[in-house]
Amino acid sequence: MTEPGTAETQDLPAIAERGAAAAPAASRRTSLLVTLVLGGLTAVPPLSMDMYLPALPQVTAALHSPAATVQLTLTTCLAGMALGQMIVGPMSDKWGRRRPLLAGMVIYILATALCAIATSAELLIAFRLLQGLAGAAGIVIARAVVRDLYDGVAMARFFSTLMLISGVAPVVAPLIGGQILRLTDWRGVFVVLTAVGVALTLLVWRKLDETLPPARRHSGGLGQTLRTMRDLLADRVFSGYVLVGAFAFAALFAYISASPFVIQEIYGASPQTFSLLFGINSVGLVVLGQINGKLLVGRVGLDKVLGTGLALTALAATSLLLMSAGVFGPVGLVPMAAGLFVLMASMGLVMPSTNTLALLRTPHAAGSASALLGTSTFLLGSVASPLVGIAGERTAVPMALVQLSCAVLALVSFLGMCRPWQRRGESNGSTAGERTRL
């Protein structure tokens with residue numbers, strides 16, 4: 001297997017125009033429009049999830065289903081995104097980035113339109129699964145494209161830029177969802193999502209060029225794909241970052257899944273108030289992500305940034321568990337909202353650092369590596385979703401307990417498998433000057 005970080009990327013636009021290899025990946029820059037397209041692709045999951053969140057109580061009533069059943073519409077969508085990435089990621093290593101991406105986006109549009117006309121919770125669950133399977137193409141291929149184009153510190157900064165763009169989605173999505181519910185019912189949310197899918201697909205078709213040349217594609221079939229993933233998982237450090245990202249996202253998704261009921265049912269907030277609080281928390285994630293990309297990357301080691309983010313996540317989850325368990329007596333919405341803000345904002349440090357540190361080790365199989373990162377993340381998120389409701393809708397203890405458990409497991413994976421103190425000075429594909437900061 002190619003050693004992590006040693007494969008060189010090539011200037012793919014130059015290949016298309018001149019038929020020759022060009023500069024290393026870290027020296028290239030994408031246009032603003034392409035950056036926005038990639039950000040839009042990474043925004044597909046939060047758009048699909050967060051715009052729908054304020055409507056969950058309404059869906060429960062409209063389809064005459066219990067809350068636990070309606071929450072499965074989140075779980076199945078997330079599980080679909082997990083499985084879809086395992087399919088699309090290796091496909092993009094074999095056939096290039098554009099064709100699997102366009103096919104996935106077209107199916108996403110059709111599945112989302114079907115969600116809008118679902119007549120039962122069971123049909124909605126099935127259509128959300130298909131929506132997740134197809135929507136996975138956007139996020140997994142966007143990460144692979146970034147790995148095609150960037151390396152080292154430049155990649156870390158670009159991931160932070162993507163977080164700024166995609167981070168707008170969870171800010172505006174619940175706000176849009178809340179306003180849609182003022183005008184129509186929950187079906188209107190899926191109509192808007194369908195329109196978003198159409199617009200994004202047209203942009204991809206017109207503006208996003210192929211970034212993986214034929215010379216760097218894998219020609220093997222299923223056996224080759226499985227061997228590649230086996231080799232990736234055999235890298236203890238890569239697997240450690242996969243688990244760190246997965247457990248951290250599971251803590252975040254426990255909040256995403258439970259917060260509509262915690263904020264609206266337990267604390268009596270309106271859908272619009274919930275949407276506002278969710279948007280504020282998302283702003284915290286974006287701001288901390290930009291502090292990471294603009295101020296910390298290149299000055300502070302990525303592992304130090306990641307460790308700090310994980311510590312903040314664990315601290316916030318601990319405070320939420322203590323408050324929801326009544327250790328401090330009755331608490332109102334404001335203290336709980338503050339704890340949730342810190343937990344969500346800390347992901348601005350965790351997610352870009354995890355993606356960068358993992359993909360730095362896998363330039364030879366960016367699609368498959370991106371698939372493993374995304375699949376593990378969404379699978380654990382889908383497990384966290386039903387766990388937060390096991391004690392009913394009148395307590396936030398299950399949410400906080402799941403969050404704390406996931407935060408601790410992420411820290412254990414980071415310290416036990418990544419072991420950054422043992423890898424100082426290792427080559428990871430960056431320049432010599434960058435390695436001292438990574």
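Over which residues near the end of the numbering does pLDDT stay under 50, with 27 contacts beyond four places in sequence? Select residues 425-438: pLDDT stays under 50 there, and the model has 27 contacts beyond four places in sequence for this stretch. Here pLDDT is the predictor's confidence in each residue, from 0 to 100, and a contact means heavy atoms within 4.5 Å.

Before continuing, note that this is a predicted model, in which local features need pLDDT of at least 70, side-chain atom pairs count only at pLDDT 80 or more, and totals for chains, interfaces and linings use all residues. Residues are numbered from 1 along each chain as its sequence is written, and side-chain values use heavy atoms, with hydrogens and water left out.

**Stop 1: the whole chain**

Display the entire protein chain, coloured by confidence. The average pLDDT is 80, and 86% of the residues score at least 70. Residues 1-28 also stay under 50, and the model has 56 contacts beyond four places in sequence for them.

Next, switch to a cartoon view. The chain has 17 helices and 0 strands; these are DSSP runs numbered from the N terminus, with helices (H or I) of at least four residues and strands (E) of at least two. Among the elements of the chain, helix α1 (residues 12-18) has the lowest mean pLDDT, 34, and helix α6 (residues 98-116) has the highest, 94.

Of the 438 residues, 58% count as buried. Buried means under 20% relative accessible area, exposed means over 50%, and partly exposed lies in between (1.4 Å probe, protein chains only). Among contacts between residues at least 6 apart in sequence, 85% join residues at least 24 apart.

**Stop 2: threonine 60**

Select threonine 60, which is found in helix α4 (residues 56-62). This threonine 60 counts as buried because its relative accessibility is 17%. Leaving aside neighbours within four places in sequence, threonine 60 is in contact with Ser65, Pro66, Ala67 and Val70. Now add glutamine 71: its C-alpha atom is separated by 9.0 Å from that of threonine 60, although the two residues are 11 apart along the chain.

**Stop 3: salt bridges**

A salt bridge is a side-chain nitrogen of Lys or Arg within 4 Å of a carboxyl oxygen of Asp or Glu. By this rule the count comes to 4.

Begin with aspartate 93 and arginine 97, whose side chains meet in a salt bridge at 3.0 Å, N to O. Both aspartate 93 and arginine 97 are buried.

Move on to arginine 230 and aspartate 231, where the N to O distance of the salt bridge is 3.5 Å. Arginine 230 counts as exposed because its relative accessibility is 51%, whereas aspartate 231 is partly exposed, with a relative accessible area of 26%.

Then select aspartate 235 and arginine 361, a salt bridge in which the closest N and O atoms are 2.8 Å apart. Aspartate 235 lies in the loop between α10 (222-234) and α11 (236-266) and arginine 361 in the loop between α14 and α15 (366-387), so the pair ties together parts that are 126 residues apart in sequence. Both aspartate 235 and arginine 361 are buried. Finally, select Asp93, Arg97 and Asp148, which are joined into one network by salt bridges that share partners.

**Stop 4: aromatic rings**

Rings of Phe, Tyr and Trp (its six-membered ring) pair if their centres lie within 6.5 Å; planes under 30 degrees apart count as stacked, over 60 as edge-to-face, and the rest as tilted. The structure holds 4 aromatic pairs.

Select tyrosine 150 and phenylalanine 158: their ring centres are 4.7 Å apart and their planes are at 20 degrees, so the pair is stacked. Tyrosine 150 counts as buried at 4% relative accessibility, and phenylalanine 158 counts as buried at 7%.

Continue to phenylalanine 249 and phenylalanine 253, which are also stacked, because their ring centres are 6.1 Å apart and their planes are at 25 degrees. Both residues lie in helix α11, 4 residues apart, about one turn of the helix. Phenylalanine 249 and phenylalanine 253 are both buried. To finish this stop, select Tyr52, Trp186 and Phe190, a cluster linked by ring pairs.
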